[in-house]
Amino acid sequence: MVEAGGSNPPGPIGDGMKATAKANANIALVKYWGKRDEALILPHNSSISMTCDAMETVTTVEFSENYDTDTAIINDEELHSDQKRVYDHISLIRKMAGIKEKAKIVSESNFPVAAGLASSASGFAALTVAAAAAAGLKLSEKELSIVARQGSGSACRSIFGGFVEWKKGTKSSDSYAEQIAGKDHWKDFRMIATIVKEARKAVSSRSGMSQTVKTSPYYGGWLSSIEEDLKGMREAIRSKNFTAAGSLAEYNALKMHCTMMTSKPPIIYWTPATVEIMNAVREWRQDLESYFTMDAGPNVKVMCLKKDEKELRQRLSELDGVVKTISCAPGDGSSVSKNHLFD
Ligand code: PMV
């Protein structure tokens with residue numbers, strides 16, 4: 001099952017068996033929705049995203065024989081042993097490195113987690129890079145992307161900066177992300193994460209997509225139109241055509257939400273504030289060009305160019321139900337850092 005880096009000789013890089021990494025969240029412009037292999041997290045479709053410079057997770061991992069069990073403290077809260085995904089991911093990396101030591105993990109994000117804001121993308125990317133370094137694995141970015149994917153699909157894109165495509169591949173070893181264009185290619189592109197008033201607990205993307213694949217009659221339509229969206233988005237990014245990129249991202253997000261809404265039982269992530277933002281963005285477009293996208297939650301991410309960023313944030317913050325906006329430019333990929341979160 002583990003196809004990345006298994007042959008690398010173990011041996012600590014850096015600070016004993018401890019390492020810290022940072023990773024930015026990413027927001028998909030052409031979404032990943034649906035798995036063809038739930039255990040390995042192989043997607044039904046390729047996807048394209050922008051790595052966001054203002055939404056970062058920092059994670060420190062230490063493997064030590066002094067620890068009896070794996071423990072994880074995420075944003076000051078201890079993770080229970082039943083929140084398996086993080087511990088499963090550590091076990092996967094431990095197996096790849098051929099080590100036995102248990103791990104202490106401390107992770108902090110500078111943006112609200114678990115609100116449809118891609119915290120699992122930055123979270124599992126940072127966890128992968130930190131744990132691999134702490135375990136002494138020397139993995140390429142491609143290998144890190146393959147490992148991160150097995151924690152959370154969207155995390156494989158956060159290994160890279162700028163604009164990124166996750167190719168669905170044919171098996172685990174060829175399902176990974178690649179950079180389409182670096183962060184400096186389109187410096188003016190902005191993604192404004194618009195947080196709405198605390199909504200009811202959302203269905204996780206994991207169970208939402210599984211239910212959609214199984215029950216939505218429109219899932220076939222999603223898949224049969226995806227190649228055209230991917231082609232259009234690659235071209236819009238390459239030529240920095242904001243109208244093309246924004247309108248296609250918006251259309252693609254609406255198509256994804258249609259498959260969710262037509263699953264059984266239906267999944268509706270939107271709240272009144274979500275719809276209000278969508279309508280406002282469409283109306284403002286006449287004098288301020290902007291487009292929206294949404295993921296598995298009620299928050300809206302609004303795209304614009306730098307020249308309109310200030311005015312758009314002002315308008316968004318005046319809408320009923322908007323709590324906060326976080327404005328992101330294309331950001332860096334994940335990297336190892338020297339500043340550990342614990343001694
Ligand atoms: O990998 P996950 O479980 O974070 O799923 C991400 C799904 C979407 O955010 C809805 C789309 C995407 O491509 O990021």
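**Exercise 1. The ligand and its polar contacts**

Find which side-chain atoms of arginine 157 approach the ligand, and what they face there.

*Solution.* Step 1. In this predicted model, an N or O atom in the side chain of arginine 157 is 2.8 Å from an oxygen atom of the ligand. A polar contact requires a pair of N or O atoms within 3.5 Å.

Step 2. Look for further pairs of this kind. Tyrosine 32 places a backbone N or O atom 2.9 Å from a ligand oxygen atom. Aspartate 295 has a polar side-chain atom 3.2 Å from an oxygen atom of the ligand.

Step 3. Consider the cover. Alone, the ligand has 380 Å² of accessible area, and the protein covers 92% of that area.

**Exercise 2. The shell around the ligand**

Describe the residues around the ligand by class, and state where the ligand lies with respect to domain 1 and domain 2.

*Solution.* Step 1. There are 14 residues around the ligand; Tyr32, Ser120, Ser154, Arg157 and Ser205 come nearest.

Step 2. Sort the shell by class: six residues are nonpolar, five are polar and three are charged.

Step 3. Check the domains. Residues of the shell come from both domain 1 (18-184) and domain 2 (189-328), so the ligand lies between the two domains.

**Exercise 3. An open sheet**

Give the strand order of the four-stranded open sheet and name its edge strands.

*Solution.* Step 1. The order is β11-β12-β10-β13, with antiparallel pairing.

Step 2. The edges are β11 (291-294) and β13 (322-328); each has a single partner strand, so one side of each has no neighbour in the sheet.

Step 3. On average, neighbouring strands of this sheet are turned by 25° against each other, direction ignored.

Step 4. Take one pair in detail. Four bridges link β11 with β12 (residues 300-305) in the antiparallel sense. Within this pair, phenylalanine 292 is opposite valine 302 of β12.

**Exercise 4. Two partners of β7**

In which sense, parallel or antiparallel, does β7 run with β4, and in which sense with β5?

*Solution.* Step 1. Strand β4 (residues 47-64) and strand β7 (residues 102-109) run antiparallel and are joined by eight bridges. Threonine 57 stands opposite serine 109 of β7.

Step 2. Strand β5 (residues 71-74) runs parallel to β7, with four bridges between them. Here threonine 71 has lysine 104 in β7 as its bridge partner.

**Exercise 5. Unusual backbone angles**

Locate the cis peptide bond before proline 265 and the positive phi of isoleucine 41.

*Solution.* Step 1. The cis peptide bond joins lysine 264 and proline 265, with omega about -5°. Proline 265 belongs to the loop between α7 (242-261) and α8 (272-284).

Step 2. Isoleucine 41 is not a glycine, yet its phi is positive, at about 55°. This isoleucine 41 sits in the loop between β2 (35-37) and β3 (42-43).

Notes
Residues numbered from 1 in each chain as written. Predicted model: local features only at pLDDT ≥ 70, side-chain atom pairs only at ≥ 80, totals over all residues. Heavy atoms only, no water. Near = heavy atom within 4 Å. Polar contact = N/O pair within 3.5 Å; in protein donor to acceptor, adjacent residues only side chain to side chain. Areas by Shrake-Rupley, 256 points an atom, 1.4 Å probe, with all protein chains shown as cover. Nonpolar A, V, L, I, M, F, W, Y, C, P; charged D, E, K, R; others polar. Domains from an automatic or database assignment. Pairing = 2+ DSSP bridges. Helix = DSSP H or I, 4+ residues; strand = E, 2+ residues; numbered from the N terminus. Axes fitted to C-alpha atoms, helices over the stretch in contact; angles between N-to-C directions.
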